[in-house]
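Me: I am new to this structure and would like a close look at a single part of it, the metal site, together with whatever surrounds that part and helps me place it. Please take me through it slowly.

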Amino acid sequence: MKILAIESSCDETAAAVVEDGRKVLSNIVASQIEEHKLYGGVVPEIASRRHIESISGVVDEALSAANLDFGDIDAVAVTYAPGLIGALLVGVSYAKGLAMVSKKPLVPVHHIAGHIAANYITHPELEPPFLCLVVSGGHSHIVEVKNYTEYRVIGRTRDDAAGECFDKVARVLGFPYPGGRYIDEAAKKGDRTAYKFPHPKLSGCEYDFSFSGLKTAVINLVHNAEQRGEPLLTEDVAASFQKTVADILGEKLCAAAKALNAEKIVVAGGVSANSAIRAKMKKIADSVGAGLYLPELKYCGDNAAMIGAQAYYDFLAGRRADESLNAVATLSLEDISTDFGRQI
Ligand code: KG4
Ligand code: ZN
């Protein structure tokens with residue numbers, strides 16, 4: 001079964017053709033990052049405008065790169081939640097138009113479910129159940145993936161997402177937006193023991209995260225050094241900060257893996273591209289005797305192939321949308337219902 005998938009939840013206009021959830025026939029991503037960089041973050045209105053300009057060309061490119069006509073496609077899939085509402089609406093409207101005119105099934109996909117499904121592409125043998133750490137620009141979750149379409153979120157961030165924390169720290173260190181990958185690069189040349197940053201102390205759910213204290217500690221360190229005119233080695237700060245994030249994520253994931261007796265640990269989302277986090281997860285998985293599954297770097301960040309992968313399993317589970325499908329800015333993985341988008 002060939003699915004044409006569309007993703008426009010943030011600042012990448014993406015389309016892909018995926019066969020049977022695992023085989024990527026094409027994967028086109030038009031990034032808007034260069035434009036948002038000028039403002040130090042994503043400007044929602046600019047994102048929506050760029051999506052509407054690019055979407056038709058990106059979809060055509062995905063079909064031609066797969067050597068297919070639209071007639072060869074069996075279903076259309078689209079990210080409908082969560083994300084920037086104006087950005088999501090572009091993909092949702094376009095996908096609805098395609099599906100309605102062609103009378104092909106329309107499959108609504110949750111963006112985070114898509115990030116998790118990126119691992120089905122990289123690891124053809126991977127099947128649920130598994131424990132998944134989702135770390136992206138907008139989300140930090142520990143998720144029990146029960147089957148291809150059912151999730152239990154057992155830990156979440158109380159404030160900033162891991163990617164958001166990387167981007168804010170990168171900004172204070174003078175790197176462009178989005179700064180995660182620049183921190184990763186700088187950290188390779190730094191001493192990760194140079195600075196000791198705090199680990200959050202949270203009451204309540206033991207698998208929850210908090211990154212705002214760490215972010216503030218790094219920002220204060222940099223500002224204080226600037227005020228005193230003291231030199232600060234950016235590489236050392238980057239390496240120490242990155243190590244702290246990896247340790248915090250590792251600690252929580254390790255506890256969850258032990259509690260759930262997890263045999264498979266999966267990592268997903270843009271931040272899963274981080275080299276220190278990837279290395280840390282390998283250690284954690286080895287220490288609890290679990291297999292580790294990481295997405296290929298090209299499937300870590302936002303793309304439509306991951307949406308096409310998840311859409312296949314959503315389709316098999318009977319998920320379909322009709323012309324009333326709407327976009328939803330905020331929607332937990334656990335709250336995916338069949339009443340797509342009508343709850344806003
Ligand atoms: O999943 P994603 O593409 O978008 C969302 O759904 O949010 O994640 C983007 C995030 C950004 O915060 C970016 O800085 C971060 O992923 N990121 C990284 C790295 N590559 C991307 N963070 C740390 N290290 C990296 N190598
Ligand atoms: Zn994403």
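Reply: What follows starts at the zinc ion and then moves outward to the strand, loops and cores.

The model is a predicted one, and the zinc ion (ligand 2) is coordinated in it by His 111 through NE2, His 115 through NE2 and Asp 302 through OD, at 2.0 to 2.1 Å. Around the zinc ion (ligand 2) there are four donor atoms, and because the angles they subtend run from 95 to 129°, the arrangement counts as tetrahedral, a label that requires all angles to lie between 85 and 135 degrees. For comparison, ideal angles at a metal are 109.5 degrees for four tetrahedral donors.

Along the sequence, the donor residues of the zinc ion (ligand 2) follow the spacing H-x3-H-x186-D. His 111 belongs to helix α4, residues 111–122, whereas Asp 302 sits in the loop between β10 (291–293) and α10 (305–316), so this pair ties together parts that are 191 residues apart in sequence. His 111 is also buried, with a relative accessibility of 6%.

From His 111 one can step to Thr 79, since His 111 is among the residues that Thr 79 touches when those up to four places away in sequence are not counted; the others are Ile 6, Glu 7, Ser 9, Leu 88, Val 92, Val 109 and Ile 307. Thr 79 lies in strand β4, residues 75–81, and is buried, its relative accessible area being 0%. With one of these residues, Glu 7, the side chain of Thr 79 makes a polar contact of 2.7 Å.

Strand β4 leads on to a feature of the backbone, for Ala 81 and Pro 82 are joined by a cis peptide bond with an omega of about -20°, and Pro 82 is in the loop between β4 and α3 (85–102). Another cis peptide bond, with an omega of about 5°, joins Pro 128 and Pro 129, and here Pro 129 is placed in the loop between α4 and β6, α4 being the helix that holds His 111.

Beyond that loop, strand β6 (130–135) is one of the elements that give two or more residues to the largest nonpolar core. This core has 43 residues, and those touching the most other members are Leu 133, Ile 142, Phe 211, Phe 241 and Leu 249. Its largest share, twelve residues, comes from α8. Leu 133, with neighbours within four places in sequence left aside, is in contact with residues that include Ile 142, Leu 249, Leu 253 and Met 281. A second, separate core has 39 residues, among them Val 107, Phe 130, Val 134 and Leu 333.

Two cysteines may be added to the picture, in a model whose disulfide count is zero. For Cys 254 the nearest cysteine sulfur is that of Cys 205, 15 Å away, and Cys 254 is buried at 14% relative accessible area. For Cys 300 the nearest cysteine sulfur, that of Cys 132, is 11 Å away, and Cys 300 is likewise buried, at 1% relative accessibility.

Last come two loop residues with a positive phi although neither is a glycine. Asp 20, with a phi of about 50°, is in the loop between β2 (12–19) and β3 (23–31) and is partly exposed at 33% relative accessible area. Asn 261, with a phi of about 55°, is in the loop between α8 and β9 and counts as exposed, with a relative accessibility of 65%.

Terms used
Residues are numbered from 1 along each chain as its sequence is written. Chains are lettered from A and ligands numbered from 1 in the order in which they are written. This is a predicted model: local features need pLDDT of at least 70, side-chain atom pairs count only at pLDDT 80 or more; totals for chains, interfaces and linings use all residues. Side-chain values use heavy atoms; hydrogens and water are left out. A nonpolar core is a set of buried Ala, Val, Leu, Ile, Met, Phe, Trp, Tyr and Cys residues joined through side-chain atoms within 4.5 Å. Buried means under 20% relative accessible area, exposed over 50%, partly exposed in between (1.4 Å probe, protein chains only). Helices (H or I, at least four residues) and strands (E, at least two) are DSSP runs, numbered from the N terminus. Contact means heavy atoms within 4.5 Å. A disulfide is a pair of cysteine sulfur atoms within 2.5 Å. Donors are N, O and S atoms within 2.8 Å of the metal (3.2 Å for Na, K and Ca); water is not among the atoms, so sites may look incomplete. Four donors count as tetrahedral if all angles lie between 85 and 135 degrees; four count as square planar and six as octahedral if opposite donors are over 155 degrees apart and all others between 65 and 115; anything else is irregular. A polar contact is a pair of N or O atoms within 3.5 Å; within protein, one must be able to donate a hydrogen and the other to accept it, and residues adjacent in sequence count only if both atoms are side-chain atoms.
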